[in-house]
Amino acid sequence: MTDGAVSQPARVLVAADKFKGSLTAVEVAERVAAGLRRVVPGLPVDRLPVADGGDGTVAAAVAAGFERREVSVTGPLGTPVTAAFALRDGTAVVEMAEASGLQLLPDGVFAPLTATTYGSGELLRAALDAGARTLVLGVGGSATTDGGAGMLAALGARFLDASGREVPPGGGGLRALATADLSGLDPRFAEVDLVLASDVDNPLTGPKGAAAVYGPQKGAGDQDVAVLDAALAHYASVLGPEQAEAPGAGAAGGIGYGALVALGARFRPGIEVMLDVLGFAPALERATLVVTGEGSLDRQTLHGKAPAGVAAAARARGVEVVAVCGRLALPAEELVRAGIRRAYPLSELEPDPAVSMAQAGPLLERAAESVARDFLL
């Protein structure tokens, strides 16, 4: 038995995020469980795929027992896409990336000035129509920088130029905004609890804002970033500048601001919200060891990503945590400070990143075997 061993009877909780580009969170949990049981046959393993509000959030909710609902909505380029939300007992998990995400764009195609969040508003409306009284809006992975104007338009708001015409879709169109009429917004938002779940707390504008920090990921060049930042600042001057500096306002191209300023949303770190929604606490009560992880354990992990949230919650209950990952870019002492006893990167088993990503499943099982030998025998 090693220093890291846990007392019997052992029961492992696998609560990991996706390995982006390789494995879904559900697949990560399956592979880890398989590897652990290869070393410890019959080991009780609870699998709770997690997400922090970005892409994969609906899938994590469905894996936890939510019902998957699909609806046709307007994609970021204005064409129809099929998007899903998750529903259980009056709570809906809505992932804006399902309707307005980068993954919906054709390869190599970006629309930084014109991409719209209209479909995200349609998705929220569909969740309300399905009877949701609590809406968890997970934001991240967006193709958009429109401040949530498209979302609000889908919910009944009108954004008009000086001639009384609707402004064009996308963040670029907000430059022409003269009047914002929110009187037609769906009145049900006054009666529901809308939680803005995000792993970022950026303001709407400025050097740490939606356009400057995340615009380049969406195809925005320097000039586009300047146009978008100015347009969002103008938009905020019309709707109300006080919420523009609020944590989460700059999330997902500013959709956070739209939800905060017009829909009465309240911001919470995405992983905290999702751990509550997914039932992490009762699963943790049964666990003697937690395995968390994501594709890359790096500086971003420490700022609201799923593994850090899982580790913090487990540490508060005195349960030891280890992590699996594709690559590790944190020193051991920082992992320990985050509540992670040890990390098992696939890069130690296969140094070629392309091969590691292609063979992530089998490699992850081997990493889990090492976890079992180090902490369960």
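**Exercise 1.** In this predicted model, determine whether S296 is buried or exposed, and describe its surroundings.

*Solution.*
Step 1. Consider the accessible area: the relative value for S296 is 19%. A residue counts as buried when this value is under 20%, so S296 is classed as buried.
Step 2. Locate the residue in the fold: S296 belongs to strand β11, which covers residues 289-297.
Step 3. Examine the side chain: a polar contact of 2.9 Å joins the side chains of S296 and D298.
Step 4. List the partners beyond four places in sequence: S296 touches T301 and R327.

**Exercise 2.** Establish where S100 lies and which side chain forms a polar contact with the side chain of S100.

*Solution.*
Step 1. S100 is part of helix α3, residues 96-100.
Step 2. The relative accessibility of S100 is 0%. Because buried means under 20%, S100 counts as buried.
Step 3. The polar contact is with the side chain of S120, at 2.7 Å.
Step 4. Setting aside neighbours within four places in sequence, S100 is in contact with several residues, among them P76, T116, S142 and T144.

**Exercise 3.** Describe the setting of A15 and state how far A15 is from A252 in sequence and in space.

*Solution.*
Step 1. A15 lies in the loop between β1 (12-14) and α1 (25-39).
Step 2. With 0% relative accessibility, A15 is buried.
Step 3. Apart from residues up to four places away in sequence, A15 touches L48, V50, F280, V291, T292, G293 and V310.
Step 4. A15 and A252 are separated by 237 residues in sequence and by 24 Å in space, taken from C-alpha to C-alpha.

**Exercise 4.** Find how many residues of helix α9 are buried, and identify them.

*Solution.*
Step 1. Helix α9 spans residues 270-278, and seven of its nine residues are buried.
Step 2. These are G270, I271, V273, M274, L275, V277 and L278.
Step 3. After the helix comes G279, with a positive phi near 80 degrees.

**Exercise 5.** Characterise the largest nonpolar core.

*Solution.*
Step 1. Recall the general tendency: in soluble globular proteins, nonpolar side chains tend to be buried together.
Step 2. The largest nonpolar core here contains 53 residues, and L124, L135, L137, L152 and Y235 have the most contacts inside it.
Step 3. Helix α8 (residues 251-262) supplies the largest share of this core, seven residues.
Step 4. Take L137 as an example: its contacts beyond four places in sequence include V94, L124, L194 and A259.
Step 5. A second, separate core has 40 residues, including V93, V290, A306 and C325.

Notes: Residues are numbered from 1 along each chain as its sequence is written. This is a predicted model: local features need pLDDT of at least 70, side-chain atom pairs count only at pLDDT 80 or more; totals for chains, interfaces and linings use all residues. Side-chain values use heavy atoms; hydrogens and water are left out. Helices (H or I, at least four residues) and strands (E, at least two) are DSSP runs, numbered from the N terminus. Buried means under 20% relative accessible area, exposed over 50%, partly exposed in between (1.4 Å probe, protein chains only). A polar contact is a pair of N or O atoms within 3.5 Å; within protein, one must be able to donate a hydrogen and the other to accept it, and residues adjacent in sequence count only if both atoms are side-chain atoms. Contact means heavy atoms within 4.5 Å. A nonpolar core is a set of buried Ala, Val, Leu, Ile, Met, Phe, Trp, Tyr and Cys residues joined through side-chain atoms within 4.5 Å.
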